[in-house]
Amino acid sequence: MYKRKISALISLLAIVVLFSSCGKTSPSQTGTSDTSSTADTKTVRLQDDFYEHVNQEWLKGTTLGDDVEAISAFTEIDEKITTTLQNDFDKMLAGSLEPTTQGTTQFLDFYQMMLDVDKRNKDGAAPLLTYLEKVENISSLEDLSNVIGEFTISGMPLPMNISIIIDMKNSEKNLLVLDSPSILLPDKSYYEEGNQEGQKKIKEYEKSYSRLLTTIGKTEDEAAAMVKNYFKIDKLIAQSTKSGEEASDLAGYYNPYAISDVNSTIKTIDFSKAMEEIIGEVPETIIVANPKFLENMHLIINEENLQSVKDWMYIDFASQSSDYLSEEIAKAESDEAAADNADDYDKEIKRKAYENASELFQEAIGVYYGQTYLGEEAKKDVTQMTENMISLYAERLKEVDWLSEKTKENAIKKLDTMVVQIGYPDHLPAYYDHLSIDTEKSAFDNMMAIQKAVNQSQFSVYSEGPNRKEWTTHAHEVNAAYDPQANSICFPAAILQDPFYHVEHSRSKNYGGIGAVIGHELSHAFDTNGAKFDEKGNLHNWWTKEDYEAFEKKAQTVIDQFDGIEFSGGKVNGKLTVSENIADSSGLSIALGALKKEKEPNLEEFFTNWAAIWRKKISPETSQELLLVDPHSPSKLRANIQLTNLEDFHTTFGIKEGDGMYLAPEERTSVW
Ligand SMILES: [Zn+2]
């Protein structure tokens, strides 16, 4: 079951686009619940299904365990990294390894507290109840208005979300942004009448939340009433949140409002005091990420709903923070079966303590990981590959026959000024200088103090403007990113390993892996979202009218190619996935082009590794969720469909009419 995470670091709304959906799922090699693969004992011809052919051994040998949503090349690396890091930090606690990097000592202090289960058990629910009292004490809409500032800074739940965003039209400036809070179910459609999967999930959550509430002191009746109120509010919020498709349009977040208009639209809440508390001034303008939510806020937050809103906040907070409390409370919510033997149980407790502690120290852990495990040679090599690809991209842009010279110049300017981040950042965010762990207090109180320090630090730079040097991806995260507002690409240390990259692998194999990833991120500068931002990261039209129309026509062919494809009981939404599909298509093509400039390119190796990076087993339920909200297409389709668009793929493997992987030349699509 999806577990709500604590909201540390939420105060920076980054509109960064990631390489892969980041649903972190812990892999396991046991259990029998997987039904997602079509591979069986007979050999799949590569000409019919390249993905299944390349990955058939892996698909046969990999089974999803109970409660495991997905296993992929991404989660396998993630699991390996987590185990390595946890071992290292355990050794540091035992004194056999020296903590070498900044931030490690603070992390170890907190990790130690999380490992002290006896103390957490002794502290019980008391630390949480102190905070929940603040929610219970709200007795009017005015009271609610009065706590918005404090709750936002402390990372406590509110029926709205206030954070900082870089001004999309002036990337030297910050703005505050008001958005709807995230809802519990994967997508708003799960709350619609007759949605059976939604009903099933609500029933499960009702049970787990009731258990959680009775464990922290509510009676059965009180708990039942509170849970009912919780879903009443969450459903109301859901009705005003964006659909996956709406959320995938980055420019759609840019809706500047005068603060006076915000207050008069909401009617029931006054934000001015909160703004003053959060950033020390009442700004003239704020960004409303979702105007529909603003219009409907008075239907959610009003006198009649006040108790329900409080119950929503109460449960949301208790649920987010249960992992930092006693074993009994954490278990009441998760209802996970206890491990069979004492050794496994001990291991599980330690892993959970590590994961929950590390959640708050991502930057420090990333820098440690990068400094310790990324070799200089790998960093140099990937930097070289990136440079090759950027210059090839510029060459290709010059040759594009459907763009005017003026638009080409502007596009090349974006490439020339792009910031490239590879490996890990060379410094930690400033708040690490002030983080200290108070071992006299509870783990929970420390978690809250850390959240507050992080949020305060984010909001304190409001008037200074954005720090463009900050990394938006952590070095130990298996992902990659393009940030349209910084015009930067990022390849963290974690993804610079097998199967994506290895110093000892051939260039052919590496270009089919990390090369295609690099090409993908570069191409985000020119996908349907990226095309709207200029080289400085501003929402600004740098196209001629004719050129943009030609671009949109090409993008439409990509929408049409994916739209409506049936997959795992659902259908691909062409519009939701268009920007990622364009990035995949041009990324693969640019990586192939860069490889062909090398000595002795081996296209078989290139295409085979491309298909290998997409190996994935996923439960049908999770797959259906992702079809609604994930801007990335399902992995198998990312692998196969882009190949069918390439002539080189057809010739390399002798794909002919009648083969499953064949696509007639006139049906092939490409944008760049
Ligand atoms: Zn992407």
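In this predicted model, strand 3 and strand 4 pair in the antiparallel sense, and six bridges connect them. One position illustrates the pairing: Ile164 has Leu176 of strand 4 as its bridge partner. In a sheet, strands are held to one another by backbone hydrogen bonds, in either a parallel or an antiparallel arrangement.

Strands 3 and 4 belong to an open sheet of four strands, whose order is 3-4-6-5 and whose pairing is mixed. At the edges of this sheet stand strand 3 (161-166) and strand 5 (256-258), each of which pairs on one side only. From one strand to the next, the twist averages 40°. Is strand 3 enclosed by the rest of the structure or left open? Five of its six residues are buried, so strand 3 is largely enclosed by the rest of the structure.

The parallel part of the mixed pairing can be seen between strand 4 (residues 174-179) and strand 6 (residues 285-288), which are joined by two bridges. Here Val177 has Ile287 of strand 6 as its bridge partner.

**A second sheet and the helix across it**

Another open sheet of four strands has the order 1-8-9-7, again with mixed pairing. Its edges are strand 1 (17-18) and strand 7 (419-423); each has a single partner strand, so one side of each lacks a neighbour in the sheet. Strand 7 pairs with strand 9 in the parallel sense over five bridges, and Val419 stands opposite Ser488 of strand 9.

Helix 20 lies across strand 1, strand 8 (481-483) and strand 9. With respect to strand 9, helix 20 runs at about 155°. The loop between strand 9 (488-492) and helix 20 (507-523) contains Pro499. A cis peptide bond joins this proline to Asp498, with omega at about 10°.

**The zinc site**

Which residues coordinate the zinc ion? The ion is held by His520 through NE2, His524 through NE2 and Glu580 through OE, at 2.0 to 2.1 Å. Along the chain, the donors follow the spacing H-x3-H-x55-E. His520 and His524 are both buried.

The UniProt record, an unreviewed entry, places the feature "domain: Peptidase M13 C-terminal" at residues 479-668. Over residues 479-668, the chain is 48% helix and 8% strand. The C-alpha atoms at the two ends of this stretch are 28 Å apart.

**Two residues with positive phi**

Ser568 has a positive phi although it is not a glycine, and the same description applies to Glu600. The table sets out the location and accessibility of each residue.

| Residue | Phi | Loop | Relative accessibility |
|---|---|---|---|
| Ser568 | about 50° | between strand 10 (566-567) and strand 11 (570-571) | 29% |
| Glu600 | about 45° | between helix 22 (578-596) and helix 23 (603-613) | 76% |

Are these residues buried, partly exposed or exposed? Ser568 counts as partly exposed because its relative accessibility is 29%, a value that lies between the limits of 20% and 50%. Glu600, by contrast, is exposed, with a relative accessible area of 76%. The cut-off for an exposed residue is over 50%.

**Helix packing and a buried isoleucine**

Helix 5 (residues 126-136) and helix 19 (residues 443-460) have axes that come within 8 Å of each other and cross at roughly 45°. That angle makes helix 5 oblique to helix 19. On the side of helix 5, the contact is made by Pro127, Leu128 and Tyr131. Helix 19 contributes Phe444, Asp445 and Met448.

Ile233 is located in helix 8 (residues 220-239). Is Ile233 buried or exposed? Its relative accessible area is 0%, so Ile233 is buried. Leaving aside residues up to four places away in sequence, Ile233 touches Ile300, Asn305, Ser308, Val309 and Trp312. Ile233 and Ile279 are 46 residues apart along the chain, and their C-alpha atoms are separated by 28 Å.

Terms used: Residues numbered from 1 in each chain as written. Predicted model: local features only at pLDDT ≥ 70, side-chain atom pairs only at ≥ 80, totals over all residues. Heavy atoms only, no water. Donors = N, O, S within 2.8 Å, 3.2 Å for Na, K, Ca; no water. Buried < 20%, exposed > 50% of the residue type's maximum accessible area, 1.4 Å probe, protein only. UniProt positions renumbered as here; feature names shortened; annotations may be inferred. Pairing = 2+ DSSP bridges. Axes fitted to C-alpha atoms, helices over the stretch in contact; angles between N-to-C directions. Parallel < 35°, antiparallel > 145°, perpendicular 65-115°, else oblique. Contact = heavy atoms within 4.5 Å.
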